[in-house]
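Student: Before we look at anything in detail, could you show me how to read the packing of this model one feature at a time?

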Amino acid sequence: MPAELDRPPGIPFTGRQRELHRLLDAVERASGVGSGPVGSVLVVAGEPGIGKTALLRRSLAEARRRGAIAVSSCAVEGEWQPPYGCWAELLHQVHADGPVDVAGIVAGLGPSGALLTQLAPALGTDAPTPDGAHSVAVSLPPEQERLRLFDATARFLGAVAAIRPLVIAVDDLQWADVDSLALLRFVARSCARSGVVVLGLYRHRGEEIGAALAEFLERLRRESAAEELVLGGWSPAEVGDHLAATGGAAVPGAVVTAVHAATAGNPFFVTELWRHLVESGRLRLRDQRWSTDFSIAELGIPDSVRHVVGRRIAALDRPSRHLLTAAAAFTGPFTLSGLAPLVDVDEPALLDALDAAMAAGLVQTAPQCPGYVFSHAIVRYAVLDRLNPDRVARLHRAVARSLESTGGAAAELAYQYHASAGVPGAEPGVRWCLAAAERAAAGAGHAMAARYLAMAVDIAPVAERAGLLCRLALAQVDAAALDDAERTGRAALDALAAGGADDVATVAFLSRFAAALKDAGAPAGRWVPLVDAGLRLVGDVRDLAWARLTLLQERVRPIEVGRLRLGGWLGVDEDAARLAREVGDEDDAARSFEPFDVRDPAGTAHVLASTRRWRSPTARLRGLDVAARDLMYRQGDVRAGAVVLTELLAESERVGSLHGRAEALTQLALCQSLLGELDTADRTWSAAGAVVAALGPDHRLHVVAEIALGAILGYLRGSAPWHRLGEHAERLATQPGATAAPLGFTLGSFSVLAHCLAGDRGPAERMLVELVDGMEQVRPDTYLLNGGAWCVAAGVWELGDSPFVPRLRRLVDRLLDAGVSAGPARSLELAAARLAGLDGDVDGATAWFTRARSVLTAGGQRPMCAIVDRDEALLAQRHGRRAPALREAALAAFGRLGMTGWMRDDPAAPIGTDVLTAREAEVLRLLAEGRTNREIAELLVVAEPTVRRHVANIYRKLGIRNRAEATGYALRRAAPPG
């Protein structure tokens with residue numbers, strides 16, 4: 001615990017009872033009283049001096065008394081702070097204050113734990129992994145490295161909170177670096193599941209809130225349901241209580257009223273004004289009571305807290321004022337040795353000056369490191385207010401030279417040189433900016449690294465600017481600041497051209513920059529022009545630079561059909577792929593394997609064999625991902641796909657890749673569901689959702705996890721919010737640019753399936769008009785076309801009829817003739833059976849059902865086998881026949897597998913004969929026809945309230961929630977009319 005928060009504060013705690021109770025309620029929820037632990041996110045805002053830190057002190061003390069581990073840190077003003085500095089302090093405190101096996105928790109994180117020990121060595125640098133080996137963090141691309149650190153921090157805090165309630169607080173968020181804010185957001189998103197209480201405090205005056213903090217707060221409110229507490233000033237009564245407690249005796253009411261009016265109850269201003277009135281002799285303690293010989297008008301109350309502080313500074317002797325002036329140039333803690341070269345006095349006089357400043361309450365010892373700090377930022381601002389800008393700049397330059405002679409930190413030197421850029425001769429600061437950037441990047445502080453590089457650009461000689469701009473653009477991509485990166489990239493290209501850079505250097509930058517933007521999930525419009533520009537410079541040369549640029553290309557044939565923008569994959573450039581494998585490194589070879597490409601089982605085996613030889617973590621992760629997607633989406637072998645995905649998950653855990661974990665968990669949940677492990681799949685899906693949430697908002701796994709996986713699990717369970725899923729998928733499918741890649745077929749087809757299962761025939765058929773046209777324009781082996789055809793056939797089958805059946809039947813026949821499987825659902829034979837049945841070809845449908853059952857049984861897909869039995873029994877019913885053996889086999893399998901929704905859809909009975917009365921069954925049929933309650937009442941010659949009662953009974957008995965689900969139920973049961 002920092003010293004200033006651990007010791008009893010000098011200012012009495014006054015008021016704030018409502019806010020204190022709300023904070024402590026969050027601690028109670030984290031304790032799991034009456035239920036499981038539930039975390040919370042609270043943000044406390046207020047103007048400078050309003051008492052945020054005092055509230056924090058009292059809250060943490062009370063939380064500890066209630067058995068929680070309560071830790072805090074404070075962001076520091078200025079650019080000098082180390083990356084994640086406030087987080088390093090928090091983790092050190094958890095280690096010091098928490099009576100838990102911290103080293104064991106860190107060891108359980110595997111290699112990711114090594115990142116935490118780099119950030120906070122006290123957590124256990126030598127902690128072994130569970131198998132006895134020592135964890136070593138494997139190098140990953142910057143964005144993955146950053147997410148790995150975030151994930152490790154969240155998991156560590158969650159593990160601590162599982163033992164004892166945990167409160168973590170960060171004060172002065174307005175000064176926090178972008179990386180620390182991003183980590184706080186990540187932890188806040190996961191705190192509800194982990195039982196961690198996250199508390200952030202910041203100044204809410206407009207000039208204090210920069211763009212980074214504003215964006216952080218907006219996202220925090222949206223993502224974490226953060227509760228915000230805004231502190232106001234004390235009431236007059238609270239001001240009186242505070243002054244009496246501070247002075248040890250009652251204060252005249254008129255004085256209290258005047259002080260409250262002047263300060264608006266701001267606690268810091270109240271305290272400083274009280275000190276001013278006492279020290280100036282305007283208030284005196286007589287007979288255990290404060291009194292004054294002045295009228296209120298004559299008390300001379302200043303009109304702002306800075307004026308109060310300014311008067312106290314002016315009252316100091318000259319050496320003390322010089323000391324404060326020199327100290328104000330430091331944005332963080334300062335030391336006596338650092339001040340000595342800046343103040344023209346001997347050491348004894350300097351010590352006297354420091355004592356005087358501390359006695360005046362203007363300076364105090366630094367809480368987290370050796371040295372001193374101003375007692376409040378307002379004091380530092382009051383000192384700087386007394387100086388003109390030119391004097392401030394020269395003061396910063398003097399500090400920079402002093403720090404160079406005493407071995408100051410690179411980050412502080414970078415800041416001081418940059419702050420003195422208006423004084424000629426700032427160029428020596430470039431090396432300190434670069435050193436600070438390298439240190440920040442090594443600790444995954446990519447936003448801070450970009451900031452230091454931007455400072456270097458500002459003060460560098462013209463000849464060095466092009467190279468620095470190139471580095472800055474790449475660093476901004478690493479920091480996920482893509483807008484800034486795009487602007488800097490243009491400036492870098494202009495500087496390269498102006499400086500006469502050769503084509504080789506320009507092509508190298510274009511290739512790296514485009515690859516970085518693409519891997520970071522930037523829209524194609526940002527990086528495709530860079531690839532094109534690089535290829536124009538390369539010309540006819542076919543070397544590794546050309547291969548790298550070519551492999552970045554989006555080789556998709558755009559297909560625009562109405563609202564849909566689909567895409568047909570044209571295949572990887574074979575010459576570029578060969579060159580990358582022969583001449584490039586392992587990462588080049590891995591990029592040459594594209595998931596969209598067509599590979600037979602032998603080709604997939606080659607990918608796996610190459611992957612298992614590679615040593616590069618990023619190459620291995622990509623290779624396993626490509627092989628797993630081949631097995632699932634091309635070959636329909638979800639059992640083999642699950643094996644590779646398990647390997648991908650283990651590799652991702654080994655190297656700490658959040659992207660790899662997200663991919664593996666999402667696809668593994670899909671495999672588990674299709675293999676009949678529905679409960680396991682639900683748990684894996686939940687875990688996948690938590691990891692995918694940490695990826696960028698445009699990452700394709702959001703579509704896979706939220707729509708594709710949600711729809712498949714819902715389909716196999718027999719229940720899902722189909723109306724909402726259908727609308728969501730349709731909205732994404734029709735967004736401009738959203739379906740340029742082959743994922744468009746997935747979005748469109750799942751939109752059709754969900755609309756059909758919701759009974760929304762109109763939206764389903766409107767989507768079919770455009771989607772079927774697009775499907776007919778691409779090759780049979782187009783990536784994800786197979787799964788799209790299966791989904792559309794499944795949806796139309798549940799509707800019971802569609803004018804698109806003949807076209808869909810021809811499409812599926814074309815795929816089967818080309819030897820294409822259905823993707824993860826394995827059996828396009830089932831789609832062929834359903835479409836043949838809807839087309840009136842009962843014998844053809846029966847033959848296809850038999851083939852589908854054989855294919856699915858061989859693939860271990862038990863849920864789909866049960867659905868085949870159900871569908872064949874339903875086909876028999878639709879044509880006036882019975883299939884009791886198939887019906888019983890389907891019902892038994894549904895029961896074993898937990899497919900409860902399908903058990904309600906017993907195809908052997910007409911609508912409602914099992915649970916509904918005859919009148920309820922009649923109402924259900926009319927609902928399915930789209931009749932309103934009033935129309936049904938008129939047709940049945942009953943009162944409208946009677947119809948509403950019948951509808952409510954139908955919903956209750958069938959376990960459905962709305963008319964769409966009722967319509968879907970009726971259509972699936974295919975009851976004969978009337």
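Tutor: Let us begin with the word contact, which means that heavy atoms lie within 4.5 Å of each other. Please also keep in mind throughout that this is a predicted model.

Student: With that cut-off in hand, which residues of H38 meet H40?

Tutor: On the side of H38 they are Asn-786, Ala-789, Trp-790, Ala-793, Ala-794, Val-796, Trp-797 and Glu-798, and on the side of H40 they are Leu-828, Leu-830, Ala-831, Arg-834, Leu-835 and Leu-838. Sorted by class, this contact has 11 nonpolar, 1 polar and 2 charged residues. As for the geometry, H38 (residues 785-799) and H40 (residues 828-838) pack at an angle of about 35° with their axes 9 Å apart, and their crossing is left-handed.

Student: How does H38 pack against H39, and at what angle?

Tutor: The general idea to carry along is that an α-helix has 3.6 residues a turn, so residues three or four places apart point the same way. Here, H38 and H39 (residues 805-817) pack at an angle of about 145°, their axes being 11 Å apart, and this crossing, too, is left-handed. H38 contributes Leu-785, Asn-786, Ala-789, Val-792 and Val-796 to the contact, while H39 contributes Val-805, Leu-808, Leu-811, Val-812 and Leu-815. The class count is 9 nonpolar, 1 polar and no charged residues.

Student: Let us turn to the sheet. In what order do its strands lie?

Tutor: A sheet is read by asking who pairs with whom, and in this one 5 strands form an open sheet in the order E2-E3-E4-E1-E5, with parallel pairing. Strand E2 (69-74) and strand E5 (227-230) stand at the edges with a single partner strand each, so one side of each has no neighbour in the sheet. Neighbouring strands are turned by 15° against each other on average, direction ignored. Helix H4 (residues 85-97) packs on the sheet, where H4 touches E2 and E3 and runs in a direction that makes about 155° with that of E2.

Student: How many bridges join E1 to E4, and how many join E3 to E4?

Tutor: Strand E1 (residues 40-46) pairs with E4 in the parallel sense over 7 bridges, and strand E3 (residues 166-171) pairs with E4 in the parallel sense over 5 bridges. To follow the register on the E1 side, take Ser-40, whose bridge partner in E4 is Val-197, and Gly-46, which stands opposite Arg-203. On the E3 side, Ile-168 stands opposite Val-198.

Student: How many residues of E4 are buried?

Tutor: Strand E4 (residues 196-203) has 8 of its 8 residues buried, where buried means under 20% relative accessible area. Val-196, Val-198, Gly-200 and Tyr-202 point one way, whereas Val-197, Leu-199, Leu-201 and Arg-203 point the other way, and both sets are buried.

Student: Which residues touch the most other members of the largest nonpolar core?

Tutor: This core holds 188 residues, and those with the most contacts to other members are Trp-87, Phe-156, Ile-168, Tyr-715, Trp-790 and Leu-828. The largest share, 12 residues, comes from helix H34 (residues 700-717). Phe-156, setting aside residues up to four places away in sequence, touches Leu-91, Val-94, Val-102, Ile-105, Val-106, Leu-109, Leu-116 and Leu-123. Apart from this core lies another, of 94 residues, whose members include Val-363 and Ala-466.

Student: What covers the buried residues of H6?

Tutor: Helix H6 (residues 111-119) has 8 of its 9 residues buried, and the elements covering them include H4, helix H5 (102-108), helix H7 (142-161) and helix H31 (638-655).

Student: Is Val-947 buried or exposed?

Tutor: Val-947 counts as buried because its relative accessibility is 0%. The residue sits in helix H47 (residues 944-958) and, leaving aside neighbours within four places in sequence, is in contact with Asn-933, Ile-936, Ala-937 and Val-942.

Student: And what does the chain come to as a whole in helices and strands?

Tutor: The chain has 48 helices and 11 strands, and buried residues make up 57% of its 978 residues. Among contacts between residues at least 6 apart in sequence, 70% join residues at least 24 apart.

Conventions. Residues numbered from 1 in each chain as written. Predicted model: local features only at pLDDT ≥ 70, side-chain atom pairs only at ≥ 80, totals over all residues. Heavy atoms only, no water. Axes fitted to C-alpha atoms, helices over the stretch in contact; angles between N-to-C directions. Helix = DSSP H or I, 4+ residues; strand = E, 2+ residues; numbered from the N terminus. Left-handed = near helix turned anticlockwise from the far one by under 90°. Nonpolar A, V, L, I, M, F, W, Y, C, P; charged D, E, K, R; others polar. Buried < 20%, exposed > 50% of the residue type's maximum accessible area, 1.4 Å probe, protein only. Core = buried A, V, L, I, M, F, W, Y, C linked by side-chain atoms within 4.5 Å. Pairing = 2+ DSSP bridges.
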